[in-house]
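The following exercises ask the reader to examine a structure step by step. Each task is followed by a worked solution.

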Amino acid sequence: MTATESPVVAVVPRGAPNRRNTELSLLVFAVLVPVLAYAETGLAMDGRLPAGMVGYGAGLGAFAVLAHLAVRRFAPNADPLMLPIAALLNGLGLVFIWRLDKARQLHPNYPAAENQLLWSGLGIALFVAVMALLKDHRRLQRYTYLSGFAALVLLALPAFFPTRASDFGARIWIHFGGFSIQPGEFVKILLPVFFSGFLMVKRDALALASRRFLGLYLPRGRDLGPILVVWALSLVILVVETDLGTSVLFFGIFVVMLYVATERTSWVLFGVLMAGLGFWAVARTEGHVRGRIDEWLHPLATGGGNGVGQIGQALFALGAGGALGTGLGQGSSWLIGFAAKSDFILGTIGEETGVAGVIAVLLLYGLLVERGLRTALAARDPFGKMLAVGLSAAFALQVFIVAGGVTGAIPLTGMTLPFIAQGGSSVITNWALVAVLLKISDLARRPAPGELLQPGTAP
């Protein structure tokens, strides 16, 4: 090359490499671990391998392969860790639900694990549908207010349907004969879509401050309107449906997204203060919420056939597990009662796998949330950033609410542990949530066309 010639510049895509083979390798691990746990549980409880072990492993493996092929086809640049983590959590949940099915003290004729496997299959089907039909997550911004309206309708629906004794005072289910659905679960996706679109328009106004007090920028009075409306709606949900979990989740998602959009700590402080005041006011007038607080304050002296409530039994289960647990299938957490497979399944995990198992599960949740936030940082459009934050916050808040309630750190709210606890509406929604996050991740990690490699850099 002569002195007058310019260096050769290779025009090739530059970006995060395709990691689908890595994802497939991790999925093998994510399927193998639950299958081995299933085998160990059967050996511990019956002295032999479970009769349905091959079918369970084949079903779980088929679900994982189907989801992987959908990602490989429709989101080839997506994050390689989200799908394996979700599959691992779902698989472990099926094992623990099956283990509790084996406890004859808990609905011996109710095959919850088989139903949960069916719901997991429907969740995978919805996952594939989202991957195939949602070509670009930015299209969701067109449905900002429609998503908000749909979320409000779904939240309000249970109030118009009769409750059952098995609902224990909470109006969060819709029953059709032997079938029931919890519409509030689907709000975890609709609300972040609405809040993302809304905050994209209003964030500049909300970020303005009128004065500074004690080192904090206080929002203008006229800008308090949105947070007051959301606060009031969360209280309505709490009063009418006595659903503490959805109320906290609803308001918490908005406060987190508001903070990310405006970068104003004052909004978080206002949100926590208003949530505390609203919860205190409702607790003084609403008997169901007050009962939750009483059980939280006195877990060893309320309810239960032996004088100990569910929280007390869950604490006993966690304490009996110690550091490494009693072993799969060798605990007595079924003493918790009717919600051992749903609200309190973390108690079974703590008893049979110990503190080590609980920490491992929480780390898996933490890693999934971290990948969601990492996706938000990498997203190239503001709407995608806000949506990834909102979906990750919904997931993180739900785990915190459930774990806090089971361990007695906060009052019990009646929510389910994502992917692990029994609940068809929950597992279906969570698979759809992961699918949306993967679509955002795919666009964020996709190499921009025409990016140039610097001279001397190998393509």
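**Exercise 1.** Determine which residue forms a salt bridge with Arg138, and state how far apart the closest N and O atoms are.

*Solution.* Step 1: apply the definition, by which a salt bridge is a side-chain nitrogen of Lys or Arg within 4 Å of a carboxyl oxygen of Asp or Glu. Step 2: find the partner; Arg138 forms a salt bridge with Asp136, and the closest N and O atoms are 2.6 Å apart. Step 3: describe the setting of each partner, where buried means under 20% relative accessible area, exposed over 50%, and partly exposed in between (1.4 Å probe, protein chains only). Arg138 is partly exposed, with a relative accessible area of 40%, whereas Asp136 counts as buried at 18%. In general, side chains of opposite charge can pair when their charged atoms come close.

Two notes on the source apply throughout. The model is predicted, so that local features need pLDDT of at least 70 and side-chain atom pairs count only at pLDDT 80 or more, while totals for chains, interfaces and linings use all residues. Residues are numbered from 1 along each chain as its sequence is written, and side-chain values use heavy atoms, with hydrogens and water left out.

**Exercise 2.** Establish which residues are joined into one network by salt bridges that share partners.

*Solution.* Step 1: consider the total; a search of the whole structure finds 10 salt bridges. Step 2: examine Glu370, which is partly exposed with a relative accessible area of 31%. The side chain of Glu370 meets that of Arg371 in a salt bridge of 3.9 Å, N to O, and Arg371 counts as buried at 12% relative accessibility. Step 3: add the salt bridge between Arg374 and Glu370, also 3.9 Å from N to O. Both Arg374 and Glu370 belong to helix 12 (residues 345–378), where they are four residues apart, about one turn of the helix. Helices here are DSSP runs (H or I, at least four residues), numbered from the N terminus. Arg374 is partly exposed, with a relative accessible area of 47%. Step 4: join the pairs; shared partners link Asp79, Glu370, Arg371 and Arg374 into one network.

**Exercise 3.** Identify the residues that gather in a patch of positive charge on the surface, and those that make a nonpolar surface patch.

*Solution.* Step 1: define a patch as residues with over 30% relative accessible area and no salt bridge, like charges being joined within 9 Å and nonpolar side chains (Val, Leu, Ile, Met, Phe, Trp, Tyr) within 5 Å. Lys and Arg count as positive and Asp and Glu as negative, while His and the chain ends are not counted. Step 2: name the charged group, which consists of Arg73, Lys135, Arg139 and Arg142. Arg142 is in the loop between helix 4 (112–133) and helix 5 (144–156) and is exposed, with a relative accessible area of 65%. Step 3: name the nonpolar group; Tyr143, Leu146, Phe149 and Val153 make a patch of about 410 Å². Leu146 belongs to helix 5 and is exposed, with a relative accessible area of 52%.

**Exercise 4.** Find how far helix 13 reaches from its first C-alpha to its last, and decide whether the helix is largely enclosed or not.

*Solution.* Step 1: take the expected span of a helix as 1.5 Å times one less than its number of residues. Step 2: compare; helix 13 (residues 382–407) has 26 residues and reaches 37 Å, close to the 38 Å expected. Step 3: consider burial; 20 of the 26 residues of helix 13 are buried, so this helix is largely enclosed by the rest of the structure. Step 4: look beyond the end, where Gly408, just after helix 13, takes a positive phi of about 85°.

**Exercise 5.** Which residue has a positive phi although it is not a glycine, and is that residue buried or exposed?

*Solution.* Step 1: recall that most residues other than glycine have a negative phi. Step 2: locate the residue; Phe419 has a positive phi of about 70° and lies in the loop between helix 13 and helix 14 (424–445). Step 3: assess accessibility; Phe419 counts as buried, at 1%.

Note on methods. Accessible areas come from the Shrake-Rupley method with a 1.4 Å probe; for residues, only the protein chains shown count as cover. The place of a charge is taken as NZ of Lys, CZ of Arg, CG of Asp or CD of Glu. Helices (H or I, at least four residues) and strands (E, at least two) are DSSP runs, numbered from the N terminus.
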